Amino acid sequence: MAHHDHGKHGGKSYWLDSKRNVAKVFYALIAVDVLWLAADLLYKKKAEFDAWGGWADGGFGFYPVYGFVGAFLLVLAAKQMRRVLMRSEDYYEQRRDGGAS
């Protein structure tokens, strides 16, 4: 008889529990990103200012790069904030005087 790990979600199995399905989502997101980048070639953008030779305002691939860098920096900031804001698991169960209940 095959061994099944049913303790992870209380006996339920979800679609993203399978590594094959996670890989499908990952590659689908990459495909969507490539399509958005290709769509960037299909229309002409008018630059309002001339920063970095016009690339920073409407140049090919600027907005995808800008979005990726912004999201990456947000993740790094959140990791550092976690150190400051994280509380113990029983934070709300402790009594006000700091003793165990």
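Aspartate 40 sits in the loop between helix H1 (19-39) and H2, and it makes a good place to start a tour of this predicted model. The residue is buried, with a relative accessible area of 8%. A polar atom of its side chain lies 2.8 Å from the backbone nitrogen of glycine 61. Setting aside neighbours within four places in sequence, aspartate 40 is in contact with Lys45, Gly59, Phe60 and Gly61. Glycine 61 therefore appears twice in the surroundings of this buried aspartate, as the owner of the backbone nitrogen and as a contact partner.

**The overall picture**

Stepping back, the secondary structure of the protein comes to two helices and zero strands. Of the 101 residues in the protein, 9% are buried. The protein exposes about 9700 Å², and carbon and sulfur atoms supply 64% of that area.

**From helix H1 to helix H2**

Which residues does leucine 37 touch, once those up to four places away in sequence are not counted? They are Phe60, Gly61 and Pro64. Leucine 37 belongs to helix H1, and at 33% relative accessibility it counts as partly exposed, because the buried class ends at 20% and the exposed class begins over 50%. Phe60 and Gly61 are also found among the contacts of aspartate 40.

Two C-alpha separations add to this view. Leucine 37 and tyrosine 63 are 26 residues apart along the chain, with their C-alpha atoms separated by 9.2 Å. For phenylalanine 62 and leucine 37, the gap in sequence is 25 residues and the C-alpha to C-alpha distance is 9.7 Å. Phenylalanine 62 is placed in helix H2.

**A second buried polar residue**

Asparagine 21 lies in helix H1. Is asparagine 21 buried or exposed? It counts as buried, at 12% relative accessibility. A polar atom of its side chain is found 2.8 Å from the backbone oxygen of tryptophan 15. Leaving out neighbours within four places in sequence, asparagine 21 is in contact with Trp15 and Leu16. For both asparagine 21 and aspartate 40, then, a side-chain polar atom lies 2.8 Å from a backbone atom: an oxygen for the asparagine and a nitrogen for the aspartate.

**Aromatic pairs**

How many aromatic pairs does the structure hold? There are five, and two of them are set out below.

| Aromatic pair | Geometry | Centre to centre | Angle between planes |
|---|---|---|---|
| Phenylalanine 62 and tyrosine 66 | stacked | 5.6 Å | 25° |
| Tyrosine 91 and tyrosine 92 | edge-to-face | 5.0 Å | 85° |

Phenylalanine 62 and tyrosine 66 are four residues apart in helix H2, so about one helical turn separates them. Their surroundings are unlike in accessibility: phenylalanine 62 is buried, with a relative accessible area of 10%, whereas tyrosine 66 counts as exposed at 57%. Both rings also take part in one aromatic cluster, formed by Phe62, Tyr63 and Tyr66. Tyr63 has already come up, as the residue whose C-alpha atom is 9.2 Å from that of leucine 37.

In the other pair, tyrosine 91 is partly exposed, with a relative accessible area of 39%. Its partner, tyrosine 92, is exposed, with a relative accessible area of 77%.

**A nonpolar patch on the surface**

To finish, here is a look at the outside. Which residues make the nonpolar surface patch of about 660 Å²? The patch is made by Trp55, Val65, Phe68, Val69, Phe72, Leu73 and Leu76. One of these, phenylalanine 68, has its place in helix H2 (residues 62-85). Why does phenylalanine 68 count as exposed? Its relative accessibility is 59%, and the exposed class covers values over 50%, so this phenylalanine falls within that class. Phenylalanine 62, also in helix H2, is buried instead, at 10%.

Notes. Residues are numbered from 1 along each chain as its sequence is written. This is a predicted model: local features need pLDDT of at least 70, side-chain atom pairs count only at pLDDT 80 or more; totals for chains, interfaces and linings use all residues. Side-chain values use heavy atoms; hydrogens and water are left out. Buried means under 20% relative accessible area, exposed over 50%, partly exposed in between (1.4 Å probe, protein chains only). Accessible areas come from the Shrake-Rupley method with a 1.4 Å probe; for residues, only the protein chains shown count as cover. Patches are made of residues with over 30% relative accessible area and no salt bridge: like charges are joined within 9 Å, nonpolar side chains (Val, Leu, Ile, Met, Phe, Trp, Tyr) within 5 Å. A salt bridge is a side-chain nitrogen of Lys or Arg within 4 Å of a carboxyl oxygen of Asp or Glu. A polar contact is a pair of N or O atoms within 3.5 Å; within protein, one must be able to donate a hydrogen and the other to accept it, and residues adjacent in sequence count only if both atoms are side-chain atoms. Contact means heavy atoms within 4.5 Å. Rings of Phe, Tyr and Trp (its six-membered ring) pair if their centres lie within 6.5 Å; planes under 30 degrees apart count as stacked, over 60 as edge-to-face and the rest as tilted.
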